Amino acid sequence: MEWITLINALLPLAANLEPLFAQLIQQIKAQPGMDDDAILAHAAKTLDEASVALLSERLRLLAEIDAQGGGQQ
Amino acid sequence: MKRQISIAIALTIILTFSACTKKAATPGAQADPFSPAVRAADDIALSIKLLTETERNLEMQKIITPQEGLRVIDGLSALHEADVKFVADITAARKAGDRTALAPSLAALRQAVVSLNSKGVLGIKSNDARLAFQTAMNSLDLAIAGIDAFTR
């Protein structure tokens, strides 16, 4: 599929554009080598990490809004 | 600001790549019919994590307000909940061999993306930040739509 060839060529560019996504690229390229059970386990682990990040960020934002004196913007 | 656009472009490329390369994990082995859903669940999980980081970066740079950031986090939290349910449903559906059982949780995922977009992203005042998130939302929706057909 030509799309895959094109996107494969663009992936290094994506990683260079935003190093934050190097992990995602690595993950997706590793997927074909992982069985579905391993991928599901990885998804669950990632969701656990995301849960912590979301809660942490929510608390940080609420503290900031509180420091501002609250209010909607 | 160009960095936020680059984030959106990077995520679009990556999710498109993932959507185009759904295939069996073991070459030559019979493809697991649930593989596309499994991979999508993993991609969505990582996307949630990265979008949370993106929101944090934008807010700390004062490109978006904390109120705007909180609405995005609310939306991402709902999407997170939907993906947790999706992962659980995939596990059950694989055991039962029933792909159609995934339809409700897939619908919930799509609804969470729509809601994140309408209640979180569209309210962002910064054009570039809004564009960055909207592009990522479109890519997420694409990833979910790509597996929607296989539940029928």
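This is a short tour of a predicted model, with stops to select one after another.

Before you click: residues count from 1 along each chain as its sequence is written, while chains are lettered from A and ligands numbered from 1 in the order in which they are written. The model is predicted, with local features needing pLDDT of at least 70, side-chain atom pairs counting only at pLDDT 80 or more, and totals for chains, interfaces and linings using all residues, while side-chain values use heavy atoms and leave out hydrogens and water.

**Stop 1: the core**

Select Leu79(B), Phe86(B), Ile90(B) and Leu109(B). Among the 46 residues of the largest nonpolar core, these four touch the most other members. (A nonpolar core is a set of buried Ala, Val, Leu, Ile, Met, Phe, Trp, Tyr and Cys residues joined through side-chain atoms within 4.5 Å.) Now colour the helices: α3 of chain A, plus α2 (35–60), α3, α4 (103–121) and α5 (127–148) of chain B, each supply at least two residues of this core. Helices here are DSSP runs of H or I, at least four residues long, numbered from the N terminus. Which helix gives the most to this core? It is α3(B), with 10 residues.

Stay on Phe86(B) and show its neighbours. Leaving aside residues up to four places away in sequence, Phe86(B) touches Ala37(B), Ala41(B), Leu102(B), Ser105(B), Leu106(B), Leu109(B) and Ile147(B). Touching, or contact, means heavy atoms within 4.5 Å.

**Stop 2: along α3 of chain B**

Go to Val87(B), which sits in helix α3 (residues 66–96) of chain B. Is Val87(B) buried or exposed? It is buried, at 10% relative accessible area. (Buried means under 20%, exposed over 50%, and partly exposed in between, with a 1.4 Å probe and protein chains only.) Not counting residues up to four places away in sequence, Val87(B) touches Leu40(A), Ala43(A), Leu47(A) and Ala41(B). Try a C-alpha distance too: Asp42(B) is 45 residues from Val87(B) in sequence, and 8.6 Å away in space.

Then pick Asp89(B), also found in helix α3 of chain B. Asp89(B) is buried, with a relative accessible area of 17%, and it touches Leu102(B) and Ser105(B), again not counting residues up to four places away in sequence.

**Stop 3: salt bridges**

There are 12 salt bridges over all chains, each a side-chain nitrogen of Lys or Arg within 4 Å of a carboxyl oxygen of Asp or Glu. Select Asp37(A) and Arg94(B): their closest N and O atoms are 2.8 Å apart. This pair crosses between chains, from helix α3 of chain A to helix α3 of chain B. Asp37(A) is partly exposed at 48%, and Arg94(B) is partly exposed at 25%.

Next, show Arg60(A) and Glu59(B), which meet at 2.7 Å, N to O. Arg60(A) lies in helix α3 of chain A and Glu59(B) in helix α2 of chain B, so this salt bridge joins two chains. Both count as buried: Arg60(A) at 19%, Glu59(B) at 0%.

Now add Glu64(A) and Lys62(B), bridged at 3.0 Å between their closest N and O atoms. Lys62(B) is in the loop between α2 and α3 of chain B. Glu64(A) is buried at 18%, whereas Lys62(B) is exposed at 58%. Add Glu57(A) and Arg56(B) to see one network of salt bridges with shared partners, joining Glu57(A), Arg60(A), Glu64(A), Arg56(B), Glu59(B) and Lys62(B).
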